[in-house]
Amino acid sequence: MNIYRSNTGSLQPKELEAVYEISRRVAEAEDTESALDEIVRIIRPVFIFDNVVLYICSQDNETLEPSFARAIGRGRFHEADMAWGEATAKLTYRDHRVVTQTEKLKIAEVDRTNLRYSLGLPVHLRDQTFGALVFIRFGGPVYLPGHINLAEFVAGHVAQLLYRHQLVERIAELEARRRLDMLQDDFISTISHELLTPLGFIKGYTTTLLREEISWDEDMRHEFLTIVNEEADRLRELIDNLLDSSRLQAGTLRMNYQTIRLDAMLKDISLRARSRNENFAINLVLKTSSVPVQADPTRLAQVFDNILNNAIKYAPGSPVTITLDRKDRLAIVAISDKGSGIAPQHLEKLFQRFYRVPESSTVTRGTGLGLYICRKIIQTHNGEITAESVLGEGTTFYIKLPLVENP
Ligand code: ADP
């Protein structure tokens, strides 16, 4: 494929060497700006110029904007003047051809920069035009056919560089879209599964109870209705979690802040957890008393409940210790279990939406929304939630909240 109209046969050995070096550099380029800098460095010894500006056309092909400019030699002192070469760039881009222009400024002061020779080269590859590359020489020499031929090679390589950059961006964009699609697919399949499970139980048990040919004794009816009741609760909890998580994500969940005593709240929560699960051994260690924080009590209790429920689910039979302490201006709550723990590669991901440790997700029901909601709630309270875990030894969740200075 012949990309350039130019002919390498007419290049001098040094120019040929420079062209090959440029093409090598373009092939290896990771970042367009530094590759352009390299190109400028490589051509300087074989091509005379004071300024070089790369103009790129906008997406709608309406405007040309300078996207890269370097001034060397005499032009160094005039670097700020990016408008130089603009007229040449426009003409080059409009006509898709090489343009040479000479501009003589009528200024009394004798300065070589008053006589400008511009060379505009279209930057295009196949049927795509990216813009124009403009070289400027102050005070000459004029561009001879050999110079133009070399400059066309350079413009061809710049086009390749831009083409590569465009491809890389396009690939990244497609990859991001694919990831989003996958996430949405995952979301739909997780949620449908989680919603269908309790719904299946409810439908199954109510259908069974409604069968007229069977008369159920009172105990049986009670047992079935208890299951229906529990599954309906679970459905409600799931829908609440989904709503919470999307409101937290959008930042529209309203918080009702008030000053509360964390020590009192933890006492209540552990009493409630104990009364709900007789076999749940829960210890509360208050290393400090009267710990005032600014919080929405319902939302904060939701965080502690979620972590305690997780301990019941994922560390069954293990005692749980809640410790309250204060350090500097922070209240610190640690909730530890002695369960099987979480492997390090999963620890930070626990707080991501829908993340579940693969091993536990096959044995315990859940959506992976709980800890995501916890982190969002704690962050809304200007706090921090983290997890530490040792496999085979247990897991500790830490919640840090700013203390109220003068309650
Ligand atoms: P869910 O319980 O619905 O899966 P969470 O966001 O509350 O969602 O928890 C995410 C995951 O973190 C759980 O699936 C589980 O694998 C893991 N996990 C949470 N707490 C514990 C714990 N105390 N011990 C072991 N693993 C835990």
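Which residues is Gly-368 in contact with, leaving aside its neighbours within four places in sequence? I looked this up first and found Gln-352, Arg-353, Phe-354, Tyr-355 and Arg-356, with contact meaning heavy atoms within 4.5 Å.

**Ground rules.** I am working on a predicted model, where local features need pLDDT of at least 70, side-chain atom pairs count only at pLDDT 80 or more, and totals for chains, interfaces and linings use all residues. Residues are numbered from 1 along each chain as its sequence is written, and side-chain values use heavy atoms, with hydrogens and water left out.

**Gly-368, continued.** I placed Gly-368 in the loop between helix H9 (358-361) and H10; helices (H or I, at least four residues) and strands (E, at least two) are DSSP runs, numbered from the N terminus. Gly-368 has a relative accessible area of 15%, so I logged it as buried (buried is under 20% relative accessible area, exposed over 50%, partly exposed in between, with a 1.4 Å probe and protein chains only). I also checked Gly-368 against Pro-122: they are 246 residues apart along the chain, and their C-alpha atoms are separated by 54 Å.

**Domains.** I noted domain 1 (8-173), domain 2 (180-250) and domain 3 (258-402); these bounds come from an automatic or database domain assignment. Between the C-alpha centres of domain 1 and domain 2 I have 66 Å.

**H2 on H4.** Helix H2 (residues 32-43) and helix H4 (residues 145-210) have axes that come within 11 Å and cross at roughly 165°. Axes here are lines fitted to C-alpha atoms, for helices over the stretch in contact, and angles run from 0 to 180 degrees between N-to-C directions. So I wrote H2 and H4 down as roughly antiparallel (angles under 35 degrees count as roughly parallel, over 145 as roughly antiparallel, 65 to 115 as roughly perpendicular and the rest as oblique). The crossing is right-handed, meaning that the near helix is turned clockwise from the far one by less than a right angle; anticlockwise would be left-handed. On the H2 side I listed Thr-32, Ala-35, Leu-36, Ile-39 and Ile-43, which meet Val-154, Val-158, Leu-161, Leu-162 and His-165 of H4. By class, I get eight nonpolar, two polar and no charged residues in this contact (Ala, Val, Leu, Ile, Met, Phe, Trp, Tyr, Cys and Pro count as nonpolar, Asp, Glu, Lys and Arg as charged, and the others, Gly among them, as polar).

**H4 on H5.** The axes of H4 and H5 come within 9 Å and cross at roughly 155°, so this pair is roughly antiparallel too. The crossing of H4 and H5 is left-handed. The contact includes Phe-187, Ile-191 and Glu-194 of H4, and Arg-221, Phe-224 and Leu-225 of H5 among others. Its class count is 18 nonpolar, two polar and four charged residues.

**H10.** Helix H10 (residues 370-380) is mostly covered, with eight of its eleven residues buried. Among the buried ones I noted Tyr-372, Cys-374 and Arg-375. The buried residues of H10 pack against helix H5 (218-250), helix H7 (297-314), strand E11 (384-390) and strand E12 (394-402).

**Backbone oddities.** Asn-382 follows H10 and sits in the loop between H10 and E11. Asn-382 is not a glycine, yet its phi is positive, near 60°; at 64% relative accessible area it is exposed. Arg-126 also has a positive phi, about 50°, in the loop between strand E4 (115-125) and E5. Arg-126 is exposed at 52% relative accessibility. Last entry: the peptide bond from Gly-140 to Pro-141 is cis, omega near 0°, and Pro-141 is in the loop between strand E5 (128-138) and H4.
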